[in-house]
Structures are given as structure tokens and as C-alpha cells.
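Student: I have a structure to learn from. Can we go through the labels and what earns each one?

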Amino acid sequence: MGILYALVGRGSVVLAEFSGTTTNASAIARQILEKTPGNNDMHVSYSQDRYIFHVKRTDGLTVLCMADDTAGRRIPFAFLEDIHQKFVRTYGRAVHSAQPYGMNEEFSRILSQQMEYYSSDPNADRINRLKGEMSQVRNVMIENIDKVLDRGDRLELLVDKTANMQGNTFRFRKQARRFRSTVWWRNVKLTIALIVVLLVIVYVVLAFVCHGPALPSCF
Amino acid sequence: MSFQDIEAGRSFASRRNLINGKQDPTQAVASGIFQINTAVSTFQRLVNTLGTPKDTPELRDKLHKTRLHIGQLVKDTSAKLKQASEIDHNVEVNASKKIADAKLAKDFQAVLKEFQKAQRLSAERETAYTPFVPQALLPSSYTASEVDIGSDKTPEQRALLVESRRQEVLFLDNEISFNEAIIEEREQGIQEIQSQIGEVNEIFKDLAVLVHEQGAMIDDIGSNIEHSHEATAQAKSQLAKASKTQRSNSSLTCLLLVIFGIVLLIVIIVLAA
């Protein structure tokens, strides 16, 4: 995945190269360098099996890279532009008189770093960074949906429990009212019983005092 | 101004007819100044169209011809003015004629200044703007160029030129296809971002619906709890009343027991006696 091989050349002379894997990219790259004549600026892509060779020539300096076909064109050509600028900034006018592989020892490390950067770092491309951020936002929102659904389930349980509690408290109120009524009636019965007993005692006492059950002496 | 000059010229001419019989220089100068005025107005109108969509190579050509025409008129009128001046110096003429000639000279100076100003403005604008080439003009220019190439160059040079042009066209086609590929890839990326944003939008809408429904559920929970609270409060009140009644029941029960005890005691005492 990504960029696997990179090369910087002048005409058909290779100045620096780096290969991320063991392939025959180097030979094919040399063929491409020899096959592209002239000295004018150009952008071109050649396909070879599953790989595509992207070539960019500016001001007589050729930058070439081999990439997967899934990498598209935007990222490889951004890589080529970046390498070209770094190379020109580092070596300046010495490019036009350099020996073959003259810059390979130090620039191959830069090629390696930039290949790694453009292959795996989403920040290398603004659209890919936006895509990654939108994916993160979507994942967070999906988690939010799951949490809200879970909350909904628990709220349903809570609705059921509070409904049960409401029913129970209604029953409690009814039974409390019934209990109060029962106790009240018992109180009434006891009062009546007390009155009856008192009346009986008074009658018995009067019977003794008046000398007879029919109370003859008192009336 | 010009018409007054012409009238003055005529009156003086008729008067000179009676005295001297010569009328050409002054009237010629007046006529020349009038023509220069007209040409300078035309020139100014052409200068005003520089820098507008009407600015075409034909207009530039007309401008150039008008400038040459004005130059010729200025030369002729200057010569005639010199003749009139010589006549004034050599021949004894009346003061009115001298005054008229001086006025004509001043008018001529003013016209020259105006022309120079218009000419400077024209030079500025011709430098600042390039003429607008209409679309129909290009094929004829191309054809003229082709004819020119055909007439000027040898067959070998012509073949080289055609080959170079073909390679240039091929190079431009390559650049165009490359840029189209880059643009298409960027469009795909942007479309993907757009679809993801659409998905996030749908997720937000679903979340809003869920939250709204759960709001209704929470309202139900609240009302259930309030009803439970009211029922519990009423039940508590009923239980309090029942407790008070039961305390009264206990008192009555004790009282009855005491009375029964006393009655039983009295009965026992009476039987024992």
C-alpha cells in the first residue's frame, strides 16, 4: 500500500533512489528514464502489473516513484512535487553537474522518510485528513446512538417500575382508608357497650333503693 | 466660437473686397481651425473608447489615421496663419483685421493644446490596454500566418515547424489528461466526504428523534412519581386518623373491664353477707 520506490534523475542519469521492497522497480525506472526523451516539463504515469510509475520532470530534473494502483494520482504527484522541492533546495545548481548516485547516500534517507509519510500519514493529504475526521465524527455519533438507545431501554424499565409504584400506592391508600373505617366502627361499638353497662348498673342501684323491681316507692 | 469667426471673416472679407480685393488668408485660417476642431473631437471620441470592449485593431487604425489627418491640417493652417501674419506686417491694414488675426492665432493655440492633451491620453491608454480581438478575426489571422509561413520558409523548415507544433499539441493533451485525472480523483474524495457528512446528518436526526421520545418517557416517569407521592400522603393521613381512633378504643376497653370488676366485687360481697 502506498509508495514503494522513488528515484531522482537528470536526463537518464540516476542521482538518488530508494526502494522500500525488493522488486525490479529499479530496472523498470531506468527504462522509463531512457524512454522519455526531451527536456520539457511533463507529468505522466505508466502502469506495470499492479503498480503504476508516476514521472514528473521540471527544469530538467526528473522525479519518479512507483505506487500501488490504490494510491491514485493525487498523493504520488504531491510526493513528487515535495521531493523535487527538497532536492532543488538542498543541492541547488550542483544538480546539473553531479555524478551518477552522487546524492544517494544522504538523500535516500529523505526519500525513505517522505515515502513513509505520504504512504501512511493521513495528514499528507487534506482530503484524506477530512475523510478521517468525518469517519471519527461518524463513529462518535454511532456510539452516541448506542448510548441513547441503552438509556431508552433503562427509561422504559423506570417507567414500568414507577407505574407499579403508582399502583401500589393507590392500593395502600385504599387499604389505609378501609383500616381507618374499621377502627372507627370498633370505637363506636365500645362506646355503646359502655353506655349500656352504665344504664344497667344505675337500674340495679335504683331497684335496691326503691325496694322492688318496679320501683314502687320512688313514684 | 468657430461660427462667430466665420461671420467675422465674412464681414471683414466683404469690407476688404471694397478696399483691397484680397480675402483668402484669414478665411482659410478660420476654416482650417474649424476643421481641426472637428477632427480633434473625433479623435477624443476614439480615445474615449480605448480600454472598452469596442477597442479593436480597426479602431486603433482609425485612431492612427485621424492623428495623421490632424497633423496635416495643423501644418496647413499654420502655413496660412503665417501668410496672414506677413500680410499684416507688410501692408497697412485697419486695426479690426489685426484684432481678428490675433484672435484666430489664440484659437489656433488653444486647439493645438487640446490636441496635444488628447494625444498624450491616447498614448497612455494605447500602452495600458491591448486591443480586444474578436473571435471571427482569429481564423483570418491564422490563415495569414499560415500563408506567411508558406511563403517565407523552406520545405524542411516547414516540416520541422509542423513536427514541433504537433509535439506541442501532444504535450498539451498530456497535461490536460493529467489534470483531468487529478481533478477526477479529487472529486471522488470530495464526494466521499459529502456522503459521510450526509450520514452524520442522518445520525443526528435519528438522535434527535430518540431524545424526543425519551423526553416523553421521562415525563411519564415524573407524573407516575407525583401520583405515587400524593397517594402515599393521603394514605399516611388515613393511618394517622386510624391510630388516634385505636388509642380511644384502648381507653374504652380498659374502662369496661374496670366496671365489670367493680360489679363482680359488689356481687361477691352481697352473696357473702
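Student: Why is Asp82(A) called buried?

Tutor: Asp82(A) has 15% relative accessibility. Buried means under 20% relative accessible area, exposed over 50%, and partly exposed in between, with a 1.4 Å probe and protein chains only. So 15% makes Asp82(A) buried. Keep in mind that this is a predicted model: local features need pLDDT of at least 70, side-chain atom pairs count only at pLDDT 80 or more, and totals for chains, interfaces and linings use all residues. Residues are numbered from 1 along each chain as its sequence is written, chains are lettered from A and ligands numbered from 1 in the order written, and side-chain values use heavy atoms, without hydrogens or water.

Student: What makes Asp82(A) and Lys86(A) a salt bridge?

Tutor: A salt bridge needs a side-chain nitrogen of Lys or Arg within 4 Å of a carboxyl oxygen of Asp or Glu. Here N to O is 3.3 Å, so the pair qualifies.

Student: Why is Lys86(A) called partly exposed?

Tutor: Its relative accessibility is 24%. That lies between the two cut-offs, so Lys86(A) is partly exposed.

Student: What makes Glu17(A) and Tyr5(A) a polar contact?

Tutor: A polar contact is a pair of N or O atoms within 3.5 Å; within protein, one must be able to donate a hydrogen and the other to accept it, and residues adjacent in sequence count only if both atoms are side-chain atoms. These side chains are joined at 2.4 Å, so the distance fits.

Student: How do you know that Glu17(A) is buried?

Tutor: Its relative accessible area is 16%, so Glu17(A) counts as buried.
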